[in-house]
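The following points are offered as a colleague's note on the model shown here. They take up each chain and then the interface.

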Amino acid sequence: MSLLAAVVTALGLAITALAALGANALYNRTENRLLELRVKDAGSAVTSELPSVQTPLASAVALAEATEGSVAKFKSFAGSYAGPSGEFASMSLWSLGPGSPALLSSVGAAPLLAGMPTLVRRYIGQAPQGGTLNVAPLFGFSTPVIGYTFATATYAVYAETILPDDRRGEIAKTSPFAGFNFALYVGKSESSADLIETNLDHLPVGGRHYGINIPFGNSSFALVMSPKGSLSGGLDEESPWIALGIGILITVAASLTTERLIRQRSQAEDLARANRDLYAAQHDIAVTLQQAMLPAALPDVPGTEIFASYQPGVEGIEVGGDWYDVFVPREGTALLMIGDVVGRGLRSAVVMSSLRHTARAYAAQGDPPEVILDRLSSLIRSEHEGYFATVLCAEVDVEGRKVRVASAGHLPPLILTSTGSRYLPVDSQPPLGVGVAKGYTIATFDIPTGATLLAYTDGLIERRGTSLDEGMEKLRQAAEGPSASLSELIGRLIEMLISGHPDDDAAILGLRWTH
Amino acid sequence: MDSLSGSGNGPGDRAPLTVDLSADGTTAVVALTGELDISNVSVLTAKLEEALQASPEVLVFDMSKLRFLDSSGIGTILRVSTRVGAVRLRRPSDIVGQVIRHMGLAEVLSIEA
């Protein structure tokens, strides 16, 4: 080989090695960047859980203050949050005073704390009052739990969630975080004594990993995650080696230009794929968060069939603002609520969650729809300024066949009977957040036997080029005609009215008298 | 008159919207052309900040060329209404008028012909 050829070959090999290193460095940078983003997303998901833990407790305390510690009302409210199918294993009401906190009532399992005065004093008596959720890791028991307390000066509500003994938990295969190993700790450190849950056999988390601290109430969680595979797509993992292989080939052919072009295109393709994957993951997260904000199950109300469905909107990466809920304030009465927070994103979802849980508390107190709307409007104006929400609140008297409806900027409900379908003439007041001088009005309607009441959000009927009235007429006509069950009717409506990729999310909530 | 448009590209295409500002004494006129929804509401918000710098007493939204308006557009209009003396909606189309009526805002946002 001539001296020139030797120099070109040496140069070529050096450049190939650099290309391989460069591709590897780029791969690592991309992986680390994506990992950091994903872990922060997971952190947001955990943070967004705070309202769903704090608001039920805060609402239960407010209820206790308003009803002077009524045990019956507490049990009725807490029943949907605590127990075998609830989000907490137990929820208990305590009264606070000069001495030790006194247990007034408990729903679900008995609180682990109950027999231990020192712990009761520390985690209930000395919990911060009036605004912050107190997080109590109680890992020393045979059944480890996390305790949560929300307190005012007079009452405290304490709830417990049970941790698995072996602290093993799995991420659902359908979750956007399914491709990760994780460990969640209480507090700031990754000490095994503070471990809440993990899907790993060996800790601490090794390999490429990233950890964040997530403030939660008066405490925090430490979340560490590690990807199981490549985040930026399979090709990247091999690209350093591909560069090496190609490089040597090209060096032998002494064509440096070709090698550079191949490297650039492969990097550009990989980055584009990473962005698409990240986008898809963000959309999944939004849908997961939205589902987490909606009620897991609707109550059984004798004499009726109740069903609801939520359809997320276009491939957006932000959480929608639609919500619905059904609450049973007393036997024989069902309170249906449906609403739409204007705007999207995590903040709107937090407002939505706040409205939902607060409405339940006022409903538990026995407030009628127009008063509930009034209180929600005050809440949104004082705590979520700049946010607006439409809400429809309908109190159904099952045996009496009456519905009392109040609407804050929300579309009127549809009533289906054997003779046809029509909209209830409900006068809509302005949405929550817009000051209403005269308060919300209520309208009462008598309902015929076997009727169906349908409430919905505008995503179900609003379409480009057609007016709301036209959309409502389309819904009305689509709802007529027999259906074997309420769920079948609602499924049919969604199929007929929502096609392709709608921009806006849509929710539909129905109650059918079964006799 | 200057204008700002949002036009579509990328996932979640933006609907077409043009916002033109003009002034009539202490009244700022915001003319909307096209469709206003969640995908382009930020275009309007940016323009409104500009219009508010002149501290107008009255803000008029000329909606004669607006084909579509949903709750996110209404939200932006409601939010800005707290920062000026009065907000008026000029010649909203039937489609837009129905949104305002169904949201119970016919008396809150004054509509002028």
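1. In chain A of this predicted model, residues 24 or more positions apart account for 67% of the contacts with a separation of 6 or more. The chain has 515 residues, of which 53% count as buried. Its secondary structure comes to 10 helices and 20 strands.

2. Helix 4 of chain A, residues 117-125, merits a separate remark. Its buried residues are Leu119(A), Val120(A), Tyr123(A) and Ile124(A). Why do these residues lie on the same side of helix 4 of chain A? They cover an arc of only 100° around the axis, which puts them on the same side of the helix. As a general matter, an α-helix has 3.6 residues a turn, so residues three or four places apart point the same way.

3. Which elements do the buried residues of helix 4 of chain A pack against? The partners are four strands of chain A: strand 1 (90-95), strand 3 (134-138), strand 4 (145-151) and strand 5 (155-162).

4. Chain B contains 3 helices and 6 strands. Along the sequence, these elements follow the pattern β-β-β-α-β-α-β-α-β. Of the 113 residues of chain B, 51% count as buried. Where contacts in chain B link residues at least 6 apart in sequence, 61% of them join residues at least 24 apart.

5. The two chains form an interface in which 23 residues of chain B are in contact with 27 residues of chain A. Together, chain B and chain A bury about 1,900 Å² between them, and 62% of this area is on carbon and sulfur atoms.

6. Polar and charged pairings across the interface may be listed next. Between chain B and chain A, 9 residue pairs are in polar contact, with both residues at pLDDT 80 or more. The rule also finds 3 salt bridges across the interface. One of them joins the side chains of Arg464(A) and Glu35(B), with an N to O distance of 2.6 Å.

7. Which elements of chain B give two or more residues to the side that touches chain A? They are strand 4 (58-69), helix 2 (71-81) and helix 3 (94-102) of chain B. By residue class, the side of chain B that touches chain A divides into 11 nonpolar, 6 polar and 6 charged residues.

How values were computed
Residues numbered from 1 in each chain as written. Chains lettered and ligands numbered in written order. Predicted model: local features only at pLDDT ≥ 70, side-chain atom pairs only at ≥ 80, totals over all residues. Heavy atoms only, no water. Contact = heavy atoms within 4.5 Å. Buried area = accessible area lost by both parts, 1.4 Å probe. Salt bridge = Lys/Arg side-chain N within 4 Å of Asp/Glu carboxyl O. Polar contact = N/O pair within 3.5 Å; in protein donor to acceptor, adjacent residues only side chain to side chain. Nonpolar A, V, L, I, M, F, W, Y, C, P; charged D, E, K, R; others polar. Buried < 20%, exposed > 50% of the residue type's maximum accessible area, 1.4 Å probe, protein only. Arc of directions from axis to C-beta.
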